[in-house]
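Work through the exercises below with the sequence and the model at hand. Each task is followed by a stepwise solution.

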Amino acid sequence: MKNQRNVEYISPDMLKPHPKNSRIHSEKQIEKLQRSIREFGFAKPVIVDEDCTILAGHGAVLAAKAENLKSIPCFILTGLTDEQKRAYIITDNRMSDLSYFDMNAVVSEIEELCGRNFDVSITGFDESLICNDSLDSLEDIFEAKKPGNSDDEEKDKKDKSVICPECGHAFTP
């Protein structure tokens, strides 16, 4: 395990986006992150290197800046090579894409929260799917996103192929 310091609070303005970060954050996502910060606080530290370059949490930093936060929690990860930092950024961004939701558990939680008059739109799910009349639609979306549920899986793989600009090798992430 690499050397990792305790959480330090750093101004979002001091944090630099990594120039090779490949994750794109839409305005809508940043707005949802802002709302989450207002509801729950800044609950998940950003991962930065020794130079305060962001390795994980680029979207959260954009939301923190939009909320005018003076400081946010950061883990400073030290001892990584440039290659390791770049690979970590891709790995961090990709890992959540490789999992899927337990649809029954999510629908159950949303139903229970709705029953307690909690505004479940904060969860990040499309608000049109959150109302009680639309829980079946939510189930359909979860089912479609499970691995192996693509009608044309080969087409999906081909559409997602990436060509390395250095060597020309094509691969599917």
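The exercises deal with salt bridges and the accessibility of their partners.

This is a predicted model, in which local features need pLDDT of at least 70, side-chain atom pairs count only at pLDDT 80 or more, and totals for chains, interfaces and linings use all residues. Residues are numbered from 1 along each chain as its sequence is written, and side-chain values use heavy atoms, with hydrogens and water left out.

**Exercise 1.** State how many salt bridges the structure holds.

Solution. Apply the criterion: a side-chain nitrogen of Lys or Arg within 4 Å of a carboxyl oxygen of Asp or Glu. The structure holds eight such pairs.

**Exercise 2.** Find the salt-bridge partner of aspartate 119 and place both residues.

Solution. The partner is arginine 35, with the closest N and O atoms 2.3 Å apart. Next, place them: aspartate 119 lies in the loop between α4 and α5 (135–145), arginine 35 in helix α1. Helices are DSSP runs of H or I, at least four residues, and strands are runs of E, at least two, numbered from the N terminus. The two residues are 84 residues apart and link distant parts of the chain.

**Exercise 3.** Classify aspartate 119 and arginine 35 as buried, partly exposed or exposed.

Solution. Buried means under 20% relative accessible area, exposed over 50%, partly exposed in between (1.4 Å probe, protein chains only). Aspartate 119 has 44%, so it is partly exposed. Arginine 35 has 26% and is partly exposed.

**Exercise 4.** Which residues join Arg94 in one salt-bridge network?

Solution. Arginine 94 pairs with aspartate 97, at 3.9 Å between the closest N and O atoms. Shared partners join Arg23, Arg94 and Asp97 into one network.
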